[in-house]
Amino acid sequence: MDAPTPIWRTGVDPGGATLPFPSWWLTATDLVRASVETAAWHTVRHVLPQGGRGDGQPVLVIPGFVTSDITTAALRAHLRTRGFHTHRWTLGLNHGFTDAILDGLIDRFDELHARHGRPIAIVGWSLGGLMARWLAQIRPDAVERIVCLGSPWRPEAEINRVSGAFRAAERHWGFSADTEDIVELIRRPVPVRSIAVYSPFDGLLHGDGCRQDDGDLCENVVVPGSHCGLTHNPAALVAVADRLEVPLDRWRPFRWTSAVSHGLSGDGRDGADASPAPAPVPAAA
């Protein structure tokens, strides 16, 4: 069966289920709110303890659309203080599904996996989260878990405030001939532990387009904030660190009280307080 045509390419959802755009007020203030979140993060990061529960776990951080490693520096710095071994993606601007980007990302991931000799966790922001879902599909044994920040993986979320810019990027840089197959993989349930962190106040896309279906490997964390500020949003960074720190064999559901207390204490990996893993629930298609 042929891969589905991405809705952002045509601008028309044949199923008629496209999610509404955020309000113009949210869109107009997204960058302003992002600057406030950035200032808030630079204020609180100085009082957070050094050390954490990362235990040297390697983490690859993938930036969003038309952004680079510069935009994820604060996120990587926070994870380093929590004990993670963070890595840039080193591919410059993320301008979409070009052959150079896709091949370079696979090479970068495989190099990190070979270097560490253990599965790699991936954190992706926006388009970077979609690429994290793709890597989890093609390298399931090498991906430890993924965390997606404001990543609209659902078909009905592909038409949003930036879909026009995405089409322009395809015309300018030329996307891979495999793009439709890649989009099909992104839309599938992820075969590894995956966490979606998103905001209902996102100014560029509808938050529900980032939400994962219920399943034994899926989890959703809702934070207040903008889209452009997710890599500096204090609540988002606390949530990302907490979800990366929980051992897969002693998984516990996300709780803000636990995430904040661990973030402020800088203690070791939790074991005794970890809740027993819930009974598996079949993942929704």
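Is His87 buried or exposed? In this predicted model, His87 counts as buried, at 5% relative accessibility, and the residue is found in strand β2. When residues up to four places away in sequence are not counted, His87 touches Pro58, Val59, Leu60 and Val61, together with Arg76, Arg108, Leu112, Arg115 and His116.

Strand β2 is followed by the loop between β2 and α5, in which Thr90, Gly96 and Phe97 are placed. Thr90 has a positive phi of about 65 degrees although it is not a glycine, and with a relative accessible area of 39% Thr90 is partly exposed. Most residues other than glycine have a negative phi. A positive value, near 55 degrees, is also found for phi of Ser126, a residue of the loop between β3 (120–125) and α6; Ser126, however, counts as buried at 11% relative accessibility.

Gly96, in the loop between β2 and α5, is buried, with a relative accessible area of 0%. Leaving aside neighbours within four places in sequence, the contacts of Gly96 are with Ile101, Leu127, Met131, Phe166 and Phe175. One of these residues, Met131, is 35 residues from Gly96 in sequence, while the C-alpha atoms of the two residues are 9.4 Å apart in space.

Aromatic pairing was examined next. A pair of aromatic rings is described by the distance of the centres and the angle of the planes. The structure holds 5 aromatic pairs. In one of them, the ring centres of Phe97 and Phe166 are 6.0 Å apart and the ring planes stand at 85 degrees, so the pair is edge-to-face. Because Phe97 lies in the loop between β2 (85–87) and α5 (99–116), whereas Phe166 belongs to helix α7 (residues 163–173), this pair ties together parts that are 69 residues apart in sequence. Both partners count as buried, Phe97 at 2% relative accessibility and Phe166 at 10%. The rings of Phe254 and Trp256 have their centres 4.8 Å apart and their planes at 85 degrees, so this pair is likewise edge-to-face. Phe254 is buried, with a relative accessible area of 15%, whereas Trp256 is partly exposed, with a value of 34%. Ring pairs also link Phe97 and Phe166 with Phe65 and Phe175 into a cluster, and of the cluster members Phe166 and Phe175 are in contact with Gly96 as well.

Arginine side chains are also placed over aromatic rings. Arg133 lies over the face of Trp153, at 4.2 Å from the ring centre, and Arg161 lies over the face of Trp24, at 3.8 Å from the ring centre.

Arg133 also takes part in a contact between two helices. Helix α6 (residues 127–138) and helix α8 (residues 179–187) pack at an angle of about 90 degrees, with their axes 8 Å apart, and α6 is therefore roughly perpendicular to α8. On the side of α6 the contact is made by Leu130, Arg133, Trp134, Gln137 and Ile138, and on the side of α8 by Ile182, Leu185, Ile186 and Arg187. The residues of this contact divide into 6 nonpolar, 1 polar and 2 charged.

Definitions and conventions
Residues numbered from 1 in each chain as written. Predicted model: local features only at pLDDT ≥ 70, side-chain atom pairs only at ≥ 80, totals over all residues. Heavy atoms only, no water. Phe/Tyr/Trp six-rings, centres within 6.5 Å; stacked < 30°, edge-to-face > 60°. Helix = DSSP H or I, 4+ residues; strand = E, 2+ residues; numbered from the N terminus. Buried < 20%, exposed > 50% of the residue type's maximum accessible area, 1.4 Å probe, protein only. Lys NZ or Arg CZ within 6 Å of the ring centre and 35° of its normal. Contact = heavy atoms within 4.5 Å. Axes fitted to C-alpha atoms, helices over the stretch in contact; angles between N-to-C directions. Parallel < 35°, antiparallel > 145°, perpendicular 65-115°, else oblique. Nonpolar A, V, L, I, M, F, W, Y, C, P; charged D, E, K, R; others polar.
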